[in-house]
Amino acid sequence: MLILTRKLGESIIIDDNVQISVIEINKNNIKIGVNAPRDLPIYREEVYLKIKEENAQASSSGIIDFVDFASSTLEV
Amino acid sequence: MLLKTRLFGEVSVKDEEVIHFTKPILGFDDCRQYLLIENEAIFPTFWLQSVNDPNLAFPVVSPFSVDENYSINLQTLDLDDIDLKSLDDALVLTLMVVPQTLSSIRTNLRAPIIYNPEKKVAKQLILYDEKYPIHFYVIDDANN
């Protein structure tokens with residue numbers, strides 16, 4: 001991993017069109033600003049991973065028999 | 001072309017019915033082409049069946065039908081790559097997880113599929129707003 005030290009207000013540039021800036025530094029969190037083309041998706045890592053996992057779960061869904069489904073709906 | 005699917009047996013693929021994803025369903029980058037299958041005799045009724053991988057299918061639902069308060073606000077830039085002028089012309093679907101435990105049936109309101117039925121293009125969009133649950137339970141009151 002490339003590791004760069006930046007001060008408050010400083011940035012790094014990636015590939016001409018992405019700028020990542022340090023906006024604010026607090027004790028336990030850092031506010032980061034990203035300037036990038038609008039069609040470049042940017043995600044918080046944990047959200048990205050959670051959605052990926054949920055998509056994988058969706059893909060292992062099965063078809064439910066209507067009889068099972070009706071009786072279970074009645075129970076709740 | 002005939003597709004031997006895991007869930008629906010042999011499905012015939014007509015080119016004009018194939019939906020192309022401009023942005024993939026996250027984690028399934030190699031599967032960009034799907035059919036929207038509707039079968040009222042089964043639950044869930046709607047499925048996105050991959051054309052690239054016959055074993056891959058996702059149950060989908062209209063988020064508006066499971067959550068009456070669901071609404072999304074998209075900027076025109078979000079709609080550009082699927083050739084849409086307005087969200088009104090889109091079909092919005094969310095992926096469902098249907099496990100063996102029926103009370104755990106849920107849908108992901110954070111990452112809707114935005115589909116342009118006229119042009120047959122779609123994409124999965126991840127909403128930034130955390131008010132949209134990734135696990136929205138469909139059957140019981142587990143959400144409250």
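**Reading the strands of chain B**

Q: What makes strand β7 (residues 91–97) of chain B and β9(B) a pair, and in which sense do they run?
A: In this predicted model, β7(B) and β9(B) are joined by three bridges, in the antiparallel sense. Two strands count as paired once there are at least two bridges between them, so three will do. B:Leu93, for instance, sits opposite B:Ile113 in β9(B).

Q: How much confidence does the predictor have in chain B, going by its mean pLDDT?
A: The mean is 92, and 97% of the residues in chain B reach 70 or more. That's on a scale from 0 to 100. For the whole model, the scores are ipTM 0.92 and pTM 0.87. As a general caution, coordinates should not be read in detail where pLDDT is low.

Q: Which way do the residues of strand β9 of chain B point, and are they buried or exposed?
A: Strand β9 covers residues 113–116, with B:Ile113 and B:Tyr115 pointing one way and B:Ile114 and B:Asn116 the other. All of them are buried, so each has 20 or more other C-beta atoms within 10 Å of its own.

Q: How many bridges link β9(B) and strand β10 (residues 121–124) of chain B?
A: Four, and the two strands run antiparallel. Since the bar for pairing is at least two bridges, β9(B) and β10(B) pass as a pair. One of the matched positions is B:Tyr115, whose bridge partner in β10(B) is B:Ala122.

Q: What lies between β9(B) and β10(B) in their hairpin?
A: Four residues separate the two strands, and B:Lys120 in the turn has a positive phi of about 60°.

Q: Why is B:Gln124 called buried?
A: Count its neighbours: 23 other C-beta atoms lie within 10 Å of B:Gln124. The cut-off for buried is 20 or more, so B:Gln124 qualifies. The residue belongs to strand β10 of chain B.

Q: Which residues does B:Gln124 touch, not counting those up to four places away in sequence?
A: B:Gln124 touches B:Lys23, B:Pro24, B:Ile25, B:Leu26, B:Ala111 and B:Ile113. Contact here needs C-beta atoms within 7 Å, so each of these meets that limit with B:Gln124. As for B:Val61, it is 63 residues from B:Gln124 along the chain, and their C-alpha atoms are separated by 14 Å.

Q: What makes β6(B) mostly covered?
A: Four of the five residues in β6(B) are buried. Buried takes 20 or more other C-beta atoms within 10 Å, so four residues of this strand meet that mark.

Q: What joins strand β5 (residues 46–50) of chain B to β6(B)?
A: Four bridges do, and the strands run antiparallel. B:Leu48 has B:Phe58 in β6(B) as its bridge partner. There's a hairpin here too, with β5(B) leading to β6(B) through six residues.

Q: How many bridges join β6(B) to β7(B)?
A: Two, with the strands antiparallel. The rule asks for at least two, so β6(B) and β7(B) count as paired. B:Val61 takes B:Thr94 in β7(B) as its bridge partner.

Q: How many residues does each chain bring to the contact?
A: Chain B brings 25 residues and chain A brings 23. On the chain B side, β6 (57–61) and β7 each supply at least two of the residues touching chain A. β7(B) gives the most, with three residues. By class, that side of chain B has 19 nonpolar, three polar and three charged residues.

Q: Why are β1 (11–14) and β3 (30–35) of chain A called edge strands?
A: They belong to an open sheet of three strands in the order β1-β2-β3, with antiparallel pairing. Both β1(A) and β3(A) pair on one side only. From one strand to the next, the twist averages 20°. β1(A) and strand β2 (residues 18–25) of chain A are joined by four bridges, and A:Ile12 stands opposite A:Ile20 in β2(A).

Q: How do the radius of gyration of chain B and that of a compact globule with 144 residues agree?
A: A compact globule with 144 residues would come out near 15 Å, and chain B has 15 Å, so the two agree. The C-alpha trace of chain B spans about 45 × 40 × 25 Å along its principal axes.

Q: How many helices and strands are there in chain B?
A: Two helices and 11 strands, running along the sequence as β-β-β-β-β-β-α-α-β-β-β-β-β.

Methods. Residues are numbered from 1 along each chain as its sequence is written. Chains are lettered from A and ligands numbered from 1 in the order in which they are written. This is a predicted model: local features need pLDDT of at least 70, side-chain atom pairs count only at pLDDT 80 or more; totals for chains, interfaces and linings use all residues. A residue is buried if 20 or more other C-beta atoms lie within 10 Å of its own, exposed if 12 or fewer, and partly exposed in between; C-beta atoms are placed from the backbone. Two residues are in contact if their C-beta atoms, placed from the backbone, lie within 7 Å. Ala, Val, Leu, Ile, Met, Phe, Trp, Tyr, Cys and Pro count as nonpolar, Asp, Glu, Lys and Arg as charged, and the others, Gly among them, as polar. The radius of gyration is taken over C-alpha atoms; the globule rule is 2.2 Å times the number of residues to the power 0.38. Axes are lines fitted to C-alpha atoms, for helices over the stretch in contact, and angles run from 0 to 180 degrees between N-to-C directions.
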